[in-house]
Amino acid sequence: MAEDQGDIAAAHPSPAVGDPAQARDNPANRPDVFAFFDEATNTLTYVVRDPASDRAAIIDSVLDFDYGSGRTDTRSAQAVADFVRDKGLTVEWVLETHVHADHLSAAPWLQQQLGGRIGIGDGITVVQDTFGKVFNEGTAFRRDGSQFDRLFSDGDSFSIGGLTGRVLHTPGHTPACLTYVIGDAAFVGDTLFMPDYGTARCDFPGGSAAVLFRSIQTILALPDETRIFVGHDYLPEGRSAFQWETTVGAQKQGNIHIGGNRSADEFVAMRERRDATLATPRLIIPSLQVNMRAGQLPEPEEDGTRFLKVPLNRL
Ligand SMILES: [Fe+2]
């Protein structure tokens, strides 16, 4: 939560906070990154490890959900937990790049299994306010982000063992989207995808193509050799294997939506045209209700069952 912001960074002072140029000269600030790909939702979960201390962070976890039966499953999260235990890692953070609309977060389950603090951007309060209204939530649903352990603001820093992470506010896909720059690696969530797939949609409530364009410029201002890890991959035509790692340099050169110094106007026109053709994500209704609660399921009713709502003709 907000009251303890800054304590972790203060415990591990670093002169070059999350600066990839520094990481190049200092292997201690180059994290090991392990990716887990969920084929059901095309989502990447990352385990980020400080090689010097075996401290780790988990970014964008997945709770499996079968819409037909209403059943959740921890199969995907279990694979991450098994990996963490197998490698003997200590989890310090369970991070979200944003409130996802296409999969449920397993952050509370992973926290229960492995420890760590659940973090997201402080713009979560805007998202909670918006979707608190959409789902007609009562006063028991807090809109102050207090379901999370830490709310990050733009420019905040945090540590994973001896690694330093820096937070960039990169809205546009949603108002609360963050990029976590950890050593020489940037976890960009849903902003940029692989260069041959382009960028994230901007048509959710609070989204904006013009704002995303500016956020992407912030990411592209990082050094060219910065490793970029994307939040999803959807196998564009002409590619046969999923990919998730690229670089700032490769994005600047070859991203089909933004590369080659595309202008803001061109990007916005393209993005809005494309967004008008996209279907609503299959899991948006369960995902938002769970993820705006930091991955907690709604409180059970008198019979002990937890329910999700379907607002009709609203989204
Ligand atoms: Fe998303």
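Student: Is Asp73 buried, partly exposed or exposed?
Tutor: Let's start with a reminder that we are looking at a predicted model. Buried means under 20% relative accessible area and exposed means over 50%, with partly exposed in between. Asp73 has a relative accessible area of 35%, so the word for Asp73 is partly exposed.

Student: Which residue meets the side chain of Asp73 in a salt bridge?
Tutor: Side chains of opposite charge can pair when their charged atoms come close. Here the N to O distance is 3.7 Å, and a salt bridge needs the nitrogen within 4 Å of the oxygen. The partner counts as exposed, at 57% relative accessibility. The partner of Asp73 is Arg75.

Student: How far apart in sequence are Arg227 and Asp184, which form a salt bridge?
Tutor: Their closest N and O atoms are 2.8 Å apart. Arg227 is buried, with a relative accessible area of 10%, and Asp184 is buried too, at 5%. Arg227 sits in strand S13, while Asp184 sits in the loop between strand S11 and S12, so the pair links distant parts of the chain. Along the sequence they are separated by 43 residues.

Student: Which residue is linked with Asp184 and Arg227 in a network of salt bridges?
Tutor: We have just met the salt bridge between Arg227 and Asp184. The network of salt bridges also takes in one further name, and that is Arg30.

Student: Where is Asp224, the salt-bridge partner of Lys252?
Tutor: The side chains of Lys252 and Asp224 meet with an N to O distance of 2.6 Å. Lys252 is partly exposed at 35% relative accessibility, and Asp224 is partly exposed at 40%. Lys252 lies in helix H7, so the pair ties together parts that are 28 residues apart in sequence. Asp224 itself lies in the loop between H6 and S13.

Student: Which strands stand at the edges of the open sheet?
Tutor: Six strands form this sheet, in the order S1-S2-S3-S6-S7-S8, with mixed pairing. The twist averages 25° from one strand to the next. A strand at the edge has a single partner strand, so one side of it is left without a neighbour in the sheet. Those strands are S1 and S8.

Student: In S7, what is the bridge partner of Trp93?
Tutor: Strand S6 covers residues 90–95 and strand S7 covers residues 117–121. These two strands pair in the parallel sense over three bridges. For Trp93, the partner in S7 is Arg117.

Student: Which element gives the most to the largest nonpolar core?
Tutor: This core has 41 residues, and Val47, Ile58, Val84 and Leu110 have the most contacts inside it. Among the elements that give two or more residues are S3, S6 and helix H5. The element we want lies across S1, S2, S3 and S6, running at about 160° to S1. With five residues, the top contributor is H3.

Student: Which residues are the protein donors of the iron ion?
Tutor: The donors follow the spacing H-x74-H-x16-D along the chain, which points to two His and one Asp. One His lies in the loop between S6 and helix H4, and the Asp lies in the loop between S12 and helix H6, so this pair ties together parts that are 92 residues apart in sequence. Lying 2.1 to 2.4 Å from the iron ion, the donors are His98, His173 and Asp190.

Student: Is the donor His98 buried or exposed?
Tutor: The cut-off for buried is under 20% relative accessible area. His98 has 1% relative accessibility, so His98 counts as buried.

Methods
Residues are numbered from 1 along each chain as its sequence is written. This is a predicted model: local features need pLDDT of at least 70, side-chain atom pairs count only at pLDDT 80 or more; totals for chains, interfaces and linings use all residues. Side-chain values use heavy atoms; hydrogens and water are left out. Two strands pair if DSSP finds at least two bridges between them. Helices (H or I, at least four residues) and strands (E, at least two) are DSSP runs, numbered from the N terminus. Axes are lines fitted to C-alpha atoms, for helices over the stretch in contact, and angles run from 0 to 180 degrees between N-to-C directions. Contact means heavy atoms within 4.5 Å. Donors are N, O and S atoms within 2.8 Å of the metal (3.2 Å for Na, K and Ca); water is not among the atoms, so sites may look incomplete. Buried means under 20% relative accessible area, exposed over 50%, partly exposed in between (1.4 Å probe, protein chains only). A nonpolar core is a set of buried Ala, Val, Leu, Ile, Met, Phe, Trp, Tyr and Cys residues joined through side-chain atoms within 4.5 Å.
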